[in-house]
Amino acid sequence: VLTVVTSGMSSLAAAEDLAATKSLSDVVPVPASVVPDARQAFQLSWRTVIFTQAGSAEAARVGRQLADVLRPSTGFPLPVVPSVSAHSGIALLLGHADPRVGQEGYQLTVNRSGVVIRANAPAGLFAGIQTLRQLLPAKVENKHRQSGPWTVPGGRIVDFPRFAVRGAMLDVARHFFSVAEVKRYIDQLAQYKINQLHLHLADDQGWRIEIPGWPRLTSYGGSTEVDGTPGGFYTARDYSELVAYARSKYITVVPEIDMPGHTNAALASYAELNCNGVAPPLYTGTDVGFSSFCVDKEITYKFVDDVIRELARLTPGEYLHIGGDEAHSTPPADYVRFMDRVLPIVAKYGKKATGWHEITKANPSTTTVPQYWGVGAEDAGMAAAAAKGHQILLSPADRSYLDMKYTPDTPLGQDWASLIEVDRAYGWDPGKFLANVPESAIRGVEGPLWTETITDSADIEFMAFPRLPALAELGWSPAATHSWPSFRSRLAHQGARWTVQGVNFYRSPQIPW
Ligand code: TNX
């Protein structure tokens, strides 16, 4: 739907504007409900003010975040004013929103005099400003001043998420990523209404977070990474900085320490954690399944207690992830004994547990969220888990794994689960994916990015874009809006934004970029 702006413009300006103005539904993830009004449109100008809900420091902060995006490219002053006046502008208001929008949704109304975003909570205002960004021309993302016009198409959006969690996982263990690199990814995730960042903080190849009393975990266990290049780790301050940064974008960090397998870095750092008392060497290859904590040693549980206490202390989110996948070197009965001792430690420190789907082989309480990572809809016990009352997070490896190659020629990544082109990443319904698991038992979706072959931000972006926005749409938008032709064309327009932002995306031949 193209919008025609008539009032006070020369026909040339109107024609330019017609070309530049987007459709109100040209947004990823597509909003739940869009009613365009072709007679209306708002134009940003030198006089535009960003009004924010009086008395709300958080609404003001969201207003400043919007101004930070819009000022460099438009060159407009865009003052952020904590009150509402009759003047034209962009208003970010709390309360009296459509009841359907819940805590993360928003309504957005655009007419000649301005844009009003209304939400019940600041997270909804934040989601609304991400939509507003996408309703402006792609060049609005430029860090340098561009020429306008800056037109927002008219009409009304009511928008809210289908699932509670839209997540991304980054493996900082196989290759380490700096605080700056993770923040860059957080910025990208936030644009697509992702609300959870799962950090895979320890694996065979590296331990990436400081734990008081266990200094060799990081000084030695964090010293290297896959291929033997120098590793790294986050101090408690670094980690807290990431948590706060994510939180400012309404993204909750879920930290993972994988156990009892995937633990070579810890076992190499402390000989006493090994059943035979001998520390193995550091590992820089990419095999899985060869390491295990010593289930029969008390020191194992003292260690795990120290680790979980520190993660709980540093993490405001409700969940801690305790891994549990591919414990091929832990006998099944030992696995159950280990998890049944570790799960209560998570609860003791006031957190809920989440883990890879194997965790349901132990006896977790129903507040524990299994993360399904099977290939296709394989039987991993998820129907039984759902029947018991567990909520399940979906990360099917052949659909949502961001480390899978797109085609046989993709220079990065793996292919053990599937090749995943964009249509495959988009073409499934999380609410109907697992047999005998009703939509009500699905907590959401998460796109894991394992980093055996991924070394820097350019690599992260190449694998995540455009598949992560596809997953974000499956997690956010109503099933009835799913449409490959619509998604393809909306995604093509995101490509223009990524080009401006310097995001190194994969130019899939499936998309009319
Ligand atoms: C399997 S998926 C793993 C990871 C690897 C990944 C590579 C899962 C829970 N475990 O340890 O990095 O495959 O694709």
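**Exercise 1. Find the residue in β16 that Q371 stands opposite, then place the two strands in the wider fold.**

Step 1. Start at Q371 and look across to β16: the residue opposite is L393. Keep in mind as you work that this is a predicted model.

Step 2. Now step back to the strands. β15 covers residues 369–372 and β16 covers residues 392–394, and the two pair in the parallel sense over 2 bridges. Strands of a sheet pair through backbone hydrogen bonds, either parallel or antiparallel.

Step 3. Zoom out once more. Both strands belong to a closed barrel of 8 strands, in the order β8-β9-β12-β13-β14-β15-β16-β17, with parallel pairing. From one strand to the next, the twist averages 30°.

**Exercise 2. Work out which residues I392 touches, and what part I392 plays in the largest nonpolar core.**

Step 1. List the contacts, leaving out residues up to four places away in sequence. I392 touches V369, P370, Y372, M382, A385, A386, V437, A441, I442 and R443.

Step 2. Turn to the core, which has 158 residues. I392 is among the members that touch the most others, together with V115, I117, L125, L170, L189 and L449.

Step 3. Check where the core's residues come from: at least three are drawn from each of domain 1 (11–159) and domain 2 (165–501).

**Exercise 3. Compare the reach of helix α15 with the expected value, then say which of its residues are buried.**

Step 1. Helix α15 spans residues 484–501, which is 18 residues. From first C-alpha to last, α15 reaches 25 Å, close to the 26 Å expected at 1.5 Å a residue.

Step 2. The buried residues of α15 are F487, R490, L491, Q494, G495, R497 and W498. An α-helix has 3.6 residues a turn, so residues three or four places apart point the same way.

Step 3. Look for the cover: it includes α12 (422–426) and α14 (467–476). Just after α15, G502 takes a positive phi of about 75°.

**Exercise 4. Decide whether H96 and E326 are exposed or partly exposed.**

Step 1. Locate them. H96 is in the loop between β4 (89–94) and β5 (106–111), while E326 is in the loop between β13 (319–323) and α9 (332–348).

Step 2. Check the backbone. Phi is positive at H96, near 60°, and at E326, about 45°; neither H96 nor E326 is a glycine.

Step 3. Count neighbours. H96 is exposed because it has 10 C-beta neighbours inside 10 Å, and 12 or fewer counts as exposed. E326 has 17 other C-beta atoms within 10 Å, so E326 is partly exposed.

Note on methods: Residues numbered from 1 in each chain as written. Predicted model: local features only at pLDDT ≥ 70, side-chain atom pairs only at ≥ 80, totals over all residues. Pairing = 2+ DSSP bridges. Helix = DSSP H or I, 4+ residues; strand = E, 2+ residues; numbered from the N terminus. Axes fitted to C-alpha atoms, helices over the stretch in contact; angles between N-to-C directions. Core = buried A, V, L, I, M, F, W, Y, C linked by C-beta atoms within 7 Å. Buried ≥ 20, exposed ≤ 12 C-beta atoms within 10 Å, placed from the backbone. Domains from an automatic or database assignment. Contact = placed C-beta atoms within 7 Å. Expected span 1.5 Å × (residues − 1).
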